[in-house]
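Here are my notes on the model you sent over. Have a look at it first, then read on.

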Amino acid sequence: MRVRQGTLRRATQLTLLCCALFTFLGAGDEGARFNDLGHRMMCVCGCSQILLECNHVGCKYSDNMRGELMAALDRGDSDDLALQAFVQKYGTTVIAAPTTTGFNRVAWIMPYLALVLGLTTMVLIVRTWRNRPLVPRADAVAPVSGAELEHFREEARKDTET
Amino acid sequence: MSQVGSFALLLALALSAYSFLAGLLALARPGPGSERLGETARRAGIAVFGIVFLAAVVLVVAAFQDDFSIAYIFHHSNRDLPIAYKFAVLWSGQEGSLLFWSLLLATYGLVLRLRHKTDARLFAYASVIIAAVQVFFLLLLNFAAHPFAVMTGELPPDGNGLNPLLQYPEMVIHPPMLYLGYVGFTIPFAFALGALIMRYPGEKWINITRRWTMVTWGFLTCGVFLGMHWAYSVLGWGGYWGWDPVESASFMPWLTGTAFLHSVMMQEKRGMLKVWNMWLIFITFGLCIFGTFLTRSGVVSSVHAFAQSSIGNWFVGFLALIFATCAFFYVKNRTHLRSEHRLESIVSRESSFLFNNLLFVMFCFTVLWGTLFPILSEWVQGTKVTVGPPFFNKVAIPVALLLLLLTAVGPLLAWRKTSTESIKRNFMWPAIGAVLVGVLMMIFGVRPWADVSYFYALMAAMLAVLVALTVVSEFVRGARVISGHTHQNLLASMVHLGHRNTRRYGGYIVHFGVAVVIIGFLGSAFNLDQEKEMGYGDKMQIGPYTLVCRSYTQEDKPNYGSEWAIIDVFRNGKQIDTMYPERRFYKASQQTQTMPQIHPTVKEDFLLVKDLYLVYEGLNQDTGRPIIKAHLNPMVPWIWAGWMLMVFGTIIALVPNAVPVRLTAPARVQAAPVGAD
């Protein structure tokens with residue numbers, strides 16, 4: 001048993017080592033900025049699609065917007081600056097997700113807050129349930145004992161035997 | 001024709017109202033005549049099916065006869081519409097789809113009323129509640145969204161035609177499936193509310209409702225996945241889920257319905273969560289109605305919502321009435337819903353179900369919150385904001401991953417209490433398998449630190465493998481015990497095992513299907529796309545595939561004109577397929593529609609299958625050459641395979657258990673180390 005535990009520990013250590021090794025390999029792709037920003041904006045033609053996913057034939061907006069985004073990146077605009085320029089030109093609905101300022105913060109906070117509140121409530125409920133005594137049912141039958149109980153047990157054994 | 005339809009709808013309303021009022025009276029005032037009165041109510045409910053069916057037939061016949069004197073037919077059909085889509089006219093517009101909803105409810109009601117002998121009093125309550133819901137929809141059909149309204153003035157020679165997005169084979173089955181799911185939740189809702197009103201003793205109502213709920217859940221699952229497949233095959237953006245409000249509307253009741261299917265087991269086996277289950281099914285039904293409201297009221301913008309109309313107010317009123325009724329009877333009879341047992345251990349099946357339910361409901365809340373936040377924002381700060389995929393991906397995916405973890409862990413925990421030893425024993429190999437997959441993915445270039453989508457993909461892959469391996473280990477462990485006694489091979493033993501507890505093992509197959517679907521989803525982190533104008537002989541490279549434009553042409557058909565390209569697909573210099581991406585122009589509706597072409601690379605990549613997805617974007621007016629967009633979407637076919645497994649698992653779970661076969665071996669079978677379902 002001890003040998004098996006040792007093997008398991010070594011396997012776990014080896015796995016962790018592999019994970020750490022691969023974690024330090026490779027680097028982020030800087031060229032993905034256009035793709036990233038293009039997926040953080042909506043096409044404003046009314047198709048309700050992400051800018052880089054708008055495939056409407058002859059869409060007058062998406063081609064121009066992609067060109068503007070490319071131009072902003074070529075100018076060396078930061079992500080925030082590029083997005084801000086789009087908001088000024090096309091309105092707040094051009095951004096595909098609420099910003100993290102002002103009232104829009106509520107959009108982001110609420111799901112996590114609800115999760116935390118839900119978890120807390122559940123932990124409290126679980127604690128209460130663990131500590132509470134059993135409530136007998138109104139229509140419950142009297143407990144059985146002795147030979148009758150043995151008979152039921154024998155029946156249960158037969159039913160669950162495979 | 002329209003007069004027959006109008007009369008049928010009025011008659012159906014009168015009969016539904018009678019079924020509701022007479023049924024209510026019979027239940028409220030038990031006496032010598034109440035049984036007969038209740039029987040007349042039941043029969044009136046049965047007759048509603050025949051009358052609503054007649055109305056639906058009249059509308060379809062009008063579509064086949066191109067009867068443009070009926071405004072609905074004029075707006076949603078045309079002379080050259082293919083026959084299959086003439087049936088689809090029934091659910092392609094506001095009024096027709098409400099009639100279809102009413103027809104499905106009448107059909108469910110018919111089955112319920114014919115099976116009333118199972119428990120006459122509970123079924124009578126359920127029948128009255130269904131009649132009340134039917135009255136609401138028939139009121140809508142008669143007074144707010146009349147499908148037989150007639151055109152005024154000179155009759156038009158042809159109709160406006162069916163929306164091109166709906167002229168796709170799947171649209172003949174996707175809406176019916178979705179509606180069967182939506183409408184079907186009326187039945188468990190009716191049983192639950194009926195059981196609460198009559199203070200139904202015991203958990204028999206849960207047993208009666210279980211099959212209804214599973215069938216309904218199965219239909220809703222099919223509806224949601226068919227919708228995804230339709231979006232993928234028709235909308236031409238290379239994706240299948242865009243967090244559109246109408247998609248979310250179908251997903252929310254699916255989430256709470258799934259939570260309900262799990263939590264009812266707590267009530268059945270341990271007499272716990274009675275209040276929760278009651279409210280969960282109330283909420284699920286409410287969300288079905290809410291989804292219909294979202295689709296039809298125009299409060300949120302969506303690619304496939306119906307036009308803005310006044311019927312939204314009707315739905316708001318109906319939702320308020322449902323909530324008030326449920327709340328009233330809950331307050332009145334809440335003492336009836338006390339739990340009978342206490343929780344014995346945190347590490348148990350019970351607590352895993354609690355967490356599972358919490359996460360499902362939180363997931364649903366997140367989707368609801370994101371869907372409604374634009375309205376809230378406009379109300380509070382006067383400006384509308386967009387809540388699109390980036391929001392949902394950030395807040396919903398972590399919850400989904402936690403749910404996936406519980407899908408793996410939950411089934412291996414025993415009821416009441418699970419020992420640490422048992423957890424170690426059951427989890428060791430699946431966990432090693434999951435970690436191994438994670439390491440392999442990193443070796444093959446998945447860098448979770450490079451992009452959050454890669455991190456999610458890695459986690460999802462590991463958890464999906466964990467789920468799959470735990471399911472497989474459960475099957476193998478059980479099958480080995482059977483094999484040891486019957487000397488059958490392992491596969492036959494697995495079939496035998498599944499047949500003995502169809503609900504448990506059907507559920508495991510559904511879990512396995514979910515894992516397969518998740519593997520399909522995670523492929524989206526590695527999607528590629530390219531766009532190019534392609535003349536004769538022009539080439540485009542995407543991944544290992546070379547696309548060569550052989551030709552492009554135009555064609556004219558009665559219902560539409562089309563432009564399409566012929567693209568030869570090569571891999572490693574060898575031609576593997578020819579694809580025909582197309583764009584259609586529908587004459588009656590004057591709308592264009594892309595028809596993407598999809599080539600799943602099963603032969604070339606086997607398990608690491610990808611979809612080569614070509615879209616004909618249009619002609620460059622200056623050069624006259626087509627613009628082709630190519631997507632390479634890894635693992636997408638896994639989604640559809642996982643969906644098939646989920647449906648298969650649901651069907652298995654619906655099959656009655658086989659009578660346990662007595663084994664000849666004298667020895668007792670050792671109890672399984674994990675909790676039996």
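The points below go through the two chains in turn.

1. One caveat before anything else: this is a predicted model. Please read every value below as computed from that prediction.

2. Chain A is helical on paper: it has 6 helices and 0 strands. Following the sequence, you get the pattern α-α-α-α-α-α. Burial is worth a glance too, as 19% of the 162 residues of chain A count as buried. As for contacts in chain A between residues at least 6 apart in sequence, 36% of them join residues at least 24 apart.

3. The domain assignment splits chain A into domain 1 (31-97) and domain 2 (100-131). Between the C-alpha centres of these two domains of chain A there is a separation of 34 Å.

4. Now the packing. The largest nonpolar core has 192 residues. B:A12, B:A55, B:A460, B:A464, B:V467 and B:I518 are the members with the most contacts inside this core. Which helix supplies the largest share of the core? That would be helix 9 (residues 204-235) of chain B, with 17 residues. The core lies between domain 1 (2-339 + 383-392) and domain 2 (526-638) of chain B, because both of them give residues to it. There is also a second, separate core of 26 residues, and A:L51, A:L69, A:V94 and A:A107 are included in it.

5. If you want one core residue to click on, try B:I518. Leaving aside residues up to four places away in sequence, B:I518 touches B:L404, B:A460 and B:A464. Two of those names, B:A460 and B:A464, also appear in the list of residues with the most contacts inside the largest core.

6. Helix 18 (residues 502-522) of chain B has 21 residues and reaches 30 Å from its first C-alpha to its last, close to the 30 Å expected at 1.5 Å a residue. Is this helix mostly covered or mostly open? Mostly covered: 18 of the 21 residues of helix 18 of chain B are buried.

7. Two backbone spots deserve a look. B:D66 has a phi near 50°, which is positive in a residue other than glycine. B:D66 sits in the loop between helix 2 (34-64) and helix 3 (71-76) of chain B, and it is partly exposed, with 17 other C-beta atoms within 10 Å.

8. The other spot is B:M635, again not a glycine, with a positive phi of about 70°. B:M635 is found in the loop between strand 10 (626-634) and helix 20 (636-654) of chain B. Here the residue is buried, as 26 other C-beta atoms lie within 10 Å of B:M635.

Methods. Residues numbered from 1 in each chain as written. Chains lettered and ligands numbered in written order. Predicted model: local features only at pLDDT ≥ 70, side-chain atom pairs only at ≥ 80, totals over all residues. Helix = DSSP H or I, 4+ residues; strand = E, 2+ residues; numbered from the N terminus. Expected span 1.5 Å × (residues − 1). Buried ≥ 20, exposed ≤ 12 C-beta atoms within 10 Å, placed from the backbone. Contact = placed C-beta atoms within 7 Å. Core = buried A, V, L, I, M, F, W, Y, C linked by C-beta atoms within 7 Å. Domains from an automatic or database assignment.
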